[in-house]
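Ready for some practice in reading a protein model? Have the sequence and the 3D view open, and try each task before you look at its solution.

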Amino acid sequence: MIRAEHIVKSFDGRVVLDDISVEFETGKTNLIIGRSGSGKTVLLKTLVGLHEPDSGDVWYDEVNFSKLGFRERKSIRKDIGMIFQGGALLDSSTVVENVKLPLDLFTSQSEREKMERVNFCLQRVRLDGANELYPAELSGGMIKRVAIARAIVMNPRYLFCDEPNSGLDPQTSIVIDNLIHEITQEYGITTIINTHDMNSVMEIGEKIVYIHDGRKWWEGTKDDILHADNRELNDFVFASAMAKRAKLAAQ
Ligand SMILES: Nc1ncnc2c1ncn2[C@@H]1O[C@H](COP(=O)(O)OP(=O)(O)OP(=O)(O)O)[C@@H](O)[C@H]1O
C-alpha cells in the first residue's frame, strides 16, 4: 500500500498539487489519470521522492517515507521499480546489460546468480532472442518489455510507470498493459501508473484516481467510472469514442 496524506506541492508560489490524499492498494493496478498539466507526473515524482512536498506525508505500508532521511530512504528505494516514459534504457548497453544494471549497482550477487535472474525476468516479459541487441535495434514494444524486466529484476514491492504506452500502437499498448497487470497480481505489487489512455483505464484500471487542476477530483473502479456523476471527469473520459460506446453498452 502507498498512501499520500494531504500532499501540497508548489513551484514558484504556484500550487500544483493541492491537498491530495489517496491510498493505492497492494496487489492492484492503480491508475492516475487527468488532463495534460493536471499534476500527474508531479504527484508520481512526489510519491517516489524525486520531488519533496511542501507539506503532507507519503507512506509505504507502515513506513512514513516523508519523515525518513536520505540514507534511510534507501531501504524503501530498493523495493521500488520504475518504468519511465520512453523506457530510459542505456543506448550503449545491450538488453542483458540494461536489465542487469540494478543488480550490478545494488547487490553483491555472483555473475551467475545475476544472469539467472536477468534471464528469468526476460522470459517473464516474453522477450526471447534479444539478449545481445542494443536499444536502437528494438521495436517500441520490445523497449517497454526490457524496461519492465529491468523494473522487476530487484523483486520490487512497488512499481511506478509513467505513461507506459507512450509511442505504442493500440494493440501493443494492450499487451504491455496486460503484462504490467499480470505481474502486479502475480507478485502482489502495489503498482501506480500515470496515463492518458482510456483503453488502459477500461482494461486494467482496478483503482482509478482522477486529478483535475492539482486536486483529487474523483476515485473509483473502472466500472464506477462509466456511471460517475462528475462533469469534469465525464468530459475527460468520454472525449474518446471508445469510452462513449462502453458507457452506452453499460446502460
Ligand atoms: N519542475 C517544475 N517547475 C515548475 N513547474 C513545474 C515543474 N514540474 C511541473 N511543473 C508544472 O506543474 C504542472 C503539472 O505538471 P505535470 O507534469 O505533473 O502534469 P501532467 O498531468 O503529468 O501532464 P502530462 O500528462 O502532459 O505529462 C504543470 O503546470 C507544469 O508546468
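We call a residue buried if 20 or more other C-beta atoms lie within 10 Å of its own, exposed if 12 or fewer do, and partly exposed in between, with C-beta atoms placed from the backbone. The model is a predicted one: local features need pLDDT of at least 70 and side-chain atom pairs count only at pLDDT 80 or more, while totals for chains, interfaces and linings use all residues. Residue numbers start from 1 along each chain as its sequence is written.

**Exercise 1. Find G37 and decide: is G37 buried or exposed?**

Step 1. Locate the residue: G37 sits in the loop between β3 (29-33) and α1. Such labels come from DSSP runs, with helices (H or I) of at least four residues and strands (E) of at least two, numbered from the N terminus.

Step 2. Count the neighbours. G37 has 11 C-beta neighbours inside 10 Å, so G37 counts as exposed.

Step 3. Look along the chain. G37 and D213 are 176 residues apart in sequence, yet their C-alpha atoms are separated by 7.8 Å.

**Exercise 2. Describe the shell around the ligand: which residues are around the ligand?**

Step 1. Use the rule for being near: the C-beta atom of a residue, placed from the backbone, must lie within 6 Å of the molecule or strand.

Step 2. List the residues. Around the ligand are F11, V16, G34, S36, G37, S38, G39, K40, T41, V42 and H196.

Step 3. Ask which element gives the most. That is helix α1 (residues 40-48), with three residues of the shell.

Step 4. Sort by class. Ala, Val, Leu, Ile, Met, Phe, Trp, Tyr, Cys and Pro count as nonpolar, Asp, Glu, Lys and Arg as charged, and the others, Gly among them, as polar. The shell has three nonpolar, seven polar and one charged residue.

**Exercise 3. Work out how helix α3 packs: which residues of α3 are buried?**

Step 1. Helix α3 covers residues 95-106, and its buried residues are V95, N98, V99, K100 and L103. As a reminder, an α-helix has 3.6 residues a turn, so residues three or four places apart point the same way.

Step 2. Find the partners. The buried residues of α3 pack against α4 (111-124) and α5 (140-152); a contact needs C-beta atoms, placed from the backbone, within 7 Å.

Step 3. Take α4. The axes of α3 and α4 come within 10 Å and cross at roughly 120°. Here axes are lines fitted to C-alpha atoms, for helices over the stretch in contact, and angles run from 0 to 180 degrees between N-to-C directions. Angles under 35 degrees count as roughly parallel, over 145 as roughly antiparallel, 65 to 115 as roughly perpendicular and the rest as oblique. α3 and α4 are therefore oblique to each other. From α3, V96, V99, K100 and L103 make the contact, and from α4, K114, R117, V118, C121 and L122. By class, this contact of α3 with α4 has six nonpolar, no polar and three charged residues.

Step 4. Take α5. Its axis is 7 Å from that of α3, and the two helices pack at an angle of about 30°. That makes α3 roughly parallel to α5. The contact joins V95, N98, V99, L101 and P102 of α3 to V146, A149 and R150 of α5. Its residues divide into six nonpolar, one polar and one charged.

**Exercise 4. Compare two residues by their phi angles: where are H6 and D19?**

Step 1. H6 belongs to strand β1 (residues 2-11), and D19 belongs to strand β2 (residues 14-24).

Step 2. H6 has a positive phi of about 50° although it is not a glycine. Phi of D19 is near 60°, also a positive value in a residue other than glycine.

Step 3. Check exposure. H6 counts as exposed because it has 12 C-beta neighbours inside 10 Å. D19, with 15 other C-beta atoms within 10 Å, is partly exposed.

**Exercise 5. Trace the surroundings of M1: which residues does M1 touch?**

Step 1. M1 lies in the segment before β1.

Step 2. Leaving out residues up to four places away in sequence, M1 touches E23, F24, E25, T26, D61 and T190.

Step 3. With 16 C-beta neighbours inside 10 Å, M1 counts as partly exposed.

Notes. Contact = placed C-beta atoms within 7 Å.
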